[in-house]
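Subject: A structure for you to look at

Hello,

I am handing over the structure we talked about, and I hope you enjoy looking through it. Please open it first, and then read on for what was found.

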Amino acid sequence: MVSLYMGGGEINAFGELLESMGVDTITVSYMGLRRRIKHLDKVILADRFSADTKILLDSGCHSINSTPDRQHSDEELKQIAAEYDEFVERNLEALYAYTEFDALQLGREWIADRRRGGKQICVWHEEDGLEELETLCAEHDAVGVTGTALGDRDLTPILRRAADDTRLFGLGMTKPEQMGAIAWTGVTSTSWLSPVKFRDLIVWTGHELKRYPKKNRESGKRRHRTLFAQIGLDTDLIEEDDGTELLKLSIWSWVQQLAHINGTLSSAKIATIPADTPDAGNAENEGEGVAKQRTRVRIQEATTNTPTPRPKKQIPGMEVEEKDESYTDSGGTKRTRKLKLVKSTNSSFLQCSGCHMAGTCPEFDPGSDCAFEIPADAETPAERQAQMRYLINRQFRRTAFGLVTEEVGGGYPDSNVSREIGLYQKLLKTEHDMAQEGFSLTIKARQHAASQSAGAGVLSRIFGREPVEQEQRAELPPPVPQKSAEEQLGIMEAEVIEVEQDNAA
């Protein structure tokens, strides 16, 4: 079961906020402390955090390794490493684990010579290669893999094998899918600080962790305003972009994401943010909290063994009908065969316990299947037209409600409403196209040049040779010279002479 060590604990305000939200796994960056506190020899982590909090100390060498230009000489880095060792020894009892001082500038041999086991986490880098990763996992109890080293590479098979005997730590993880792919002992992340670093919005929607970037943050606030109130946040402060309130939302969302990864998220209830001072009115009752964590069980047998066969069942939501069809085989004999036609039914795997509407559905019943059904099919044109009209009416109401919400919110143009308007227009066009009657025939043909010169063309083969022959017979004869035309038509050359008549005559 993975634990999420939220970063930023080197800053007092962030550490206090995390503990006030019930987070008991926190990451502290040594280099972050060093930049903020001059006299680290006086810092005692046990005095800064609760005794129940598990502290993972990160050396902070990622900030050194990710800088193209050297900020420190080798001697300076070795001095910082010595001071880091002293800090670790002084706070070792309060630490759950700590990463080695993995400054790549000092060389891999120097880093390897300082490995000592115990609570130390050896760090693997992408530049070390896969063979080094397997060696580290075989020789050391705890190994860390950075999120940047994972990148788009699929290290899942190697890490899953290693997780059976090695404590694996994901360092600097930002993607939930990376957190859930491996049986990590723990992962560190500062992504929960994104609302104050990048001015975005982090929300757990009930089935996924949604990030609204700065340009879409306002629409996210309006969309999830009801959720903010349900979990005990101050909606007015969120509207005002209060940093603390946005961080509370981010922490709550990441906790829900972690519970979802571990399979301990309760769908029936919404985990609320505790008040500052618990009392009889807001204290949680036993037996009504988030579901208990499931115990991880290791399968001893190899999963590649031949599975035990068992009777197959038809997938819910599908119905198969058999129909006889007559056909003629290649020998000209008429035969009959059975066709299996698939139809859709209202049954499905959907259950109340796993439904994302479990917290608000009026028919919620744990363990039961969905109480609702849609008794309609789309077999005939009339049925499809009626369903299209239903969708258009529903979409119109959604669009109209969105326009009203936009005005109530101050009239600021909402991109979500614009998309709803566009969808409504597409539905209208689709309905119009469905109502049009017409027929079109498209013929695509291709012929090699050799076959075209040897015989009839493609059109002749389709429509016959007669049109081509008629076209050839209809060709005009060659032009006739002017002299021959005059002789054939009997045209004679003549000169017109005007004759005057006598008036007396």
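A definition to begin with: helices (H or I, at least four residues) and strands (E, at least two) are DSSP runs, numbered from the N terminus. With that in hand, C370 can be placed in the loop between β12 (334-344) and α16. Please keep in mind that this is a predicted model.

Staying with C370 for a moment, is this residue buried or exposed? Neither label fits: C370 is partly exposed, because its relative accessible area is 34% and the partly exposed class lies between under 20% for buried and over 50% for exposed. C370 also has a partner to look for, Q351, which is 19 residues away along the chain, with 5.7 Å between the two C-alpha atoms.

Now the overall picture. The chain holds 21 helices and 12 strands. It has 505 residues, of which 30% count as buried. If you take the contacts between residues at least 6 apart in sequence, 54% of them join residues at least 24 apart.

Next, the interior. The largest nonpolar core has 70 residues, and the members that touch the most others in it are L57, L168, W184 and W192. Helix α15 (residues 243-262) gives this core its largest share, 7 residues. Another core, of 8 residues, lies apart from it, and its members include Y5, A97, V123 and A142.

L57 is a good residue to click on. Leaving out residues up to four places away in sequence, L57 touches V28, Y30, Y84, F87, V88, L95, A97, Y98 and T99.

Two helix pairs are also worth a visit.

The first pair is α1 and α15. The axes of helix α1 (residues 12-20) and α15 come within 11 Å and cross at roughly 50°. The two helices are therefore oblique to each other, and the crossing of α1 past α15 is right-handed. Which residues meet here? From α1 they are F14, L17 and L18, and from α15 they are T244, L247, K248 and I251. The residues of this contact divide into 5 nonpolar, 1 polar and 1 charged.

The second pair is α16 and α17. Helix α16 covers residues 381-408 and helix α17 covers residues 415-435; their axes come within 9 Å and cross at roughly 160°. How do α16 and α17 run with respect to each other? They are roughly antiparallel, because angles over 145 degrees count as such. The crossing of α16 and α17 is left-handed. In the contact between α16 and α17 there are 12 nonpolar, 5 polar and 6 charged residues.

Finally, two loop residues with a backbone angle to check. R199 is not a glycine, yet its phi is positive, near 60°. You will find R199 in the loop between α11 (194-197) and β9 (201-204). With a relative accessibility of 29%, R199 counts as partly exposed. D241, also not a glycine, has a positive phi of about 60°. D241 sits in the loop between α14 (235-239) and α15.

Happy browsing, and do write back with any questions.

Best wishes

Conventions
Residues are numbered from 1 along each chain as its sequence is written. This is a predicted model: local features need pLDDT of at least 70, side-chain atom pairs count only at pLDDT 80 or more; totals for chains, interfaces and linings use all residues. Side-chain values use heavy atoms; hydrogens and water are left out. Axes are lines fitted to C-alpha atoms, for helices over the stretch in contact, and angles run from 0 to 180 degrees between N-to-C directions. Angles under 35 degrees count as roughly parallel, over 145 as roughly antiparallel, 65 to 115 as roughly perpendicular and the rest as oblique. A crossing is left-handed if the near helix is turned anticlockwise from the far one by less than a right angle, and right-handed if clockwise. Ala, Val, Leu, Ile, Met, Phe, Trp, Tyr, Cys and Pro count as nonpolar, Asp, Glu, Lys and Arg as charged, and the others, Gly among them, as polar. A nonpolar core is a set of buried Ala, Val, Leu, Ile, Met, Phe, Trp, Tyr and Cys residues joined through side-chain atoms within 4.5 Å. Buried means under 20% relative accessible area, exposed over 50%, partly exposed in between (1.4 Å probe, protein chains only). Contact means heavy atoms within 4.5 Å.
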